[in-house]
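User: Hi! I have a model open in front of me and would like a close look at one part of it, with some of the surroundings added for context.

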Amino acid sequence: MRWLFIEAHDVFMFRESKPFAAGQNFIARSVFPPTPQTILGAIRTHVLETMRVDLAAYGRRNVDPTLLAAIGGPAIDNTAADLGALRLKGPFLARRDHAGIVSRVIKMPLDVMKHKDMETFAVLAPKHHDHDDAITNAPFSAWRPLETAEGGYQEAGGWLAEDLLAVYLAGGIPTEAIPDKALFLTEERIGLGIDYSRRTAQDRLLYHAEFTRPQVDFGDDALTTGLLVGLNDDLSEILLPAQGMINIGGEGRSAWYETVTPIFAQPTASQGRLK
């Protein structure tokens, strides 16, 4: 697996799937981190643009068959859309430190609790008795509900660093939660619909959009927030250089990507249950 670290030049904009147009629904909400489909689409488009493929011909699947086998193609006539051989892992939210080491940050597991008055954490344990009080329409055989949090604990929230993820997966208790604001900020901006034929603002077409600004710290403990994406080696090395520019997300935003060797938590497999 080849891993790419993607760093925004300015901000990211990955809009939710709800319909949006100036004059209709005037608020464009942001989704961060983006979905795998969004990133895979950006990479496929980048490959086509880098190889100077005629996009109209690609829409008709009238291009080199080896390219279609690699990245897939759109649906046409009796041929269904497909993704080709290109495979993706992620995207994960990640940070790069001053030494260039990249590691993920993972959304805090829901069974991790934090005391509302103290900086202490706890992990909810499975109940040891029958769960007759649990009612569900899903298969429930062998499931173990969690005990209720008591003593002033509430859902921890935030993000978990890779080293603390390893602690958690080994059965330990995390000691720190990274807040959203330490990783990224949400910026709200106002825009106007444009009449491109006259290069002027259109009347009554005001909209509101959310952008995500990844945090960059230039201090002694410099940390840069970005996206970590894994691609299958055999294809990505042919289709993508080791580093470069890529258009990603809405409003033509661009980013810089480079090949990295990230650090991953490697828990020891054990017998029994999993969560």
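How do the residues of the lining of the second largest pocket divide into nonpolar, polar and charged?

Analyst: Happy to walk through this with you. Please keep in mind that this is a predicted model. The lining of the second largest pocket divides into 5 nonpolar residues, 1 polar residue and 6 charged ones. The space in this pocket comes to about 200 Å³. Its lining holds Arg95, Arg96, Asp97, Ile101, Ser103, Arg104, Val105, Ala161, Glu162, Asp163, Leu223 and Ile263. Three elements give two or more residues to that lining: strand E3 (88-97), strand E4 (102-107) and helix H4 (162-169). On the charged side you will find Arg95, Arg96, Asp97, Arg104, Glu162 and Asp163, while Ser103 is the polar member.

The largest cavity makes a useful companion to this pocket. With a cut-off of 30 Å³ or more, the count is 1 cavity, and the largest cavity holds about 40 Å³ of space. Leu4, Ile6, Ile43, Leu240, Ile246 and Tyr257 line the largest cavity. That lining divides into 6 nonpolar residues, with no polar and no charged ones.

Several of those names lead on to the strands. Strand E1 covers residues 2-8 and strand E13 covers residues 254-260; the two pair in the antiparallel sense over 6 bridges. Within this pairing, tryptophan 3 has valine 260 of E13 as its bridge partner. E13 also pairs with strand E12 (residues 243-247), again in the antiparallel sense, over 5 bridges. Here asparagine 247 has serine 254 of E13 as its bridge partner. E12 and E13 form a hairpin, with 6 residues between them. In the turn of that hairpin, glycine 249 has a positive phi of about 80°.

For a further piece of context, turn to an open sheet of 3 strands, which has the order E2-E10-E9 and mixed pairing. Strand E2 (27-28) and strand E9 (184-195) stand at the edges with a single partner strand each, so one side of each has no neighbour in the sheet. E9 and strand E10 (residues 200-214) run antiparallel and are joined by 11 bridges. One place to find this on screen is arginine 189, which stands opposite alanine 209 in E10.

To come back to your pocket: its lining includes 6 charged residues, whereas the lining of the largest cavity has no charged residues.

Definitions and conventions: Residues numbered from 1 in each chain as written. Predicted model: local features only at pLDDT ≥ 70, side-chain atom pairs only at ≥ 80, totals over all residues. Heavy atoms only, no water. 1 Å grid on protein atoms, 1.4 Å probe; cavity = no way out; pocket = protein on both sides within 12 Å on 5 of 7 lines; lining within 4 Å. Points joined across faces, edges and corners; volume = space filled by probe spheres on them. Pairing = 2+ DSSP bridges. Helix = DSSP H or I, 4+ residues; strand = E, 2+ residues; numbered from the N terminus.
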